[in-house]
Amino acid sequence: MAVLASATELEFGTARDASGLSDSVLSKQAAALESAGYVAIRKGHIGRRPRTWLSLTKAGRRALRSHVAALQHLVALATTDPNPRPPGPDTSATP
């Protein structure tokens with residue numbers, strides 16, 4: 001979904017290459033995300049060659065923003081010192 005967020009619509013091969021996923025894994029994930037209402041799949045042809053395009057829906061963009069915000073919150077919790085020291089001279093060094 002993060003790869004799709006960078007564009008209005010991506011051709012399947014472009015999304016595959018950018019994500020580093022295999023065709024089968026991307027296809028399964030796209031189908032699952034389409035069922036959830038997060039991704040739209042459009043099929044067509046360029047000349048005689050079949051093509052598939054993927055795009056995030058509005059619900060998909062909202063879900064991605066929410067997921068990223070939750071991850072940022074977890075990172076903030078993980079990087080917050082649970083035992084902050086009061087400001088003052090450093091007493092850890094021995095004379």
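1. Helices (H or I, at least four residues) and strands (E, at least two) are taken here as DSSP runs, numbered from the N terminus. On that basis R42 belongs to strand β2. The model is a predicted one, and the points below should be read as comments on that model.

2. Helix packing. Helix α2 covers residues 12-19 and helix α3 covers residues 23-35; the two pack with their axes 10 Å apart and at an angle of about 110°. Angles of 65 to 115 degrees count as roughly perpendicular, so α2 is roughly perpendicular to α3. On the α2 side the contact is made by F12, A15 and R16, and on the α3 side by D23, L26 and S27. Sorted by class, this contact has three nonpolar residues, two charged residues and one polar residue.

3. Nonpolar core. The largest nonpolar core has 11 residues in all: L4, A7, L10, F12, A15, L26, A30, V39, L54, L56 and L64. Two or more of its residues come from each of α2, α3 and β3 (49-56). F12, A15 and L26 are core members, and these residues also take part in the contact of α2 with α3. As background, nonpolar side chains tend to be buried together in soluble globular proteins.

4. Surroundings of V39. This core residue has contacts with L4, A30, L33, E34, L54, S55, L56 and T57, once neighbours within four places in sequence are left aside. Among these partners, L4, A30, L54 and L56 are themselves in the core.

5. Salt bridges around R16. How many salt bridges are there in the model? The count comes to three. R16 pairs with D23, with the closest N and O atoms 2.9 Å apart. R16 also pairs with D17, where the closest N and O atoms are 3.0 Å apart. R16, D17 and D23 are thereby joined in a network of salt bridges. D17 has a relative accessible area of 56% and is therefore exposed. R16, at 24%, is partly exposed, and D23 counts as partly exposed at 41% relative accessibility. R16 and D23 are also among the residues making the contact between the two helices.

6. The E9 to R42 salt bridge. E9 and R42 form a salt bridge whose closest N and O atoms are 2.8 Å apart. Which parts of the chain does this pair link? E9 sits in the loop between α1 (2-5) and β1 (10-11), while R42 is in strand β2 (residues 39-46); the two are 33 residues apart, and the pair links distant parts of the chain. Both ends count as partly exposed, E9 at 33% relative accessibility and R42 at 40%.

7. Other contacts of R42. Apart from neighbours within four places in sequence, R42 is in contact with E9, R51, T52 and W53. By contrast, V25 lies 17 residues from R42 in sequence, and their C-alpha atoms are 18 Å apart in space.

8. S55 and A40. S55 is placed in strand β3, and A40 in strand β2. Is S55 buried or exposed? Buried means under 20% relative accessible area, so S55 counts as buried at 12%. A40, at 31% relative accessibility, counts as partly exposed. Not counting residues up to four places away, A40 touches W53, L54, S55 and T57. With its own neighbours within four places left aside, S55 has contacts with L4, T8, E9, Y38, V39 and A40. The partners of S55 thus include E9, the residue that forms the salt bridge with R42. A40 and A30 are 10 residues apart in sequence, with a C-alpha to C-alpha separation of 8.4 Å.

9. The N-terminal residue. M1 lies in the segment before α1 and is partly exposed, with a relative accessible area of 28%. Beyond neighbours within four places in sequence, M1 is in contact with L33, Y38, L56, G60 and L64. L56 and L64, two of these partners, are core residues. M1 and Y38 are 37 residues apart along the chain, and their C-alpha atoms are separated by 8.5 Å. Y38 is also a contact of S55, and L33 is also a contact of V39.

Conventions: Residues numbered from 1 in each chain as written. Predicted model: local features only at pLDDT ≥ 70, side-chain atom pairs only at ≥ 80, totals over all residues. Heavy atoms only, no water. Axes fitted to C-alpha atoms, helices over the stretch in contact; angles between N-to-C directions. Parallel < 35°, antiparallel > 145°, perpendicular 65-115°, else oblique. Contact = heavy atoms within 4.5 Å. Nonpolar A, V, L, I, M, F, W, Y, C, P; charged D, E, K, R; others polar. Core = buried A, V, L, I, M, F, W, Y, C linked by side-chain atoms within 4.5 Å. Buried < 20%, exposed > 50% of the residue type's maximum accessible area, 1.4 Å probe, protein only. Salt bridge = Lys/Arg side-chain N within 4 Å of Asp/Glu carboxyl O.
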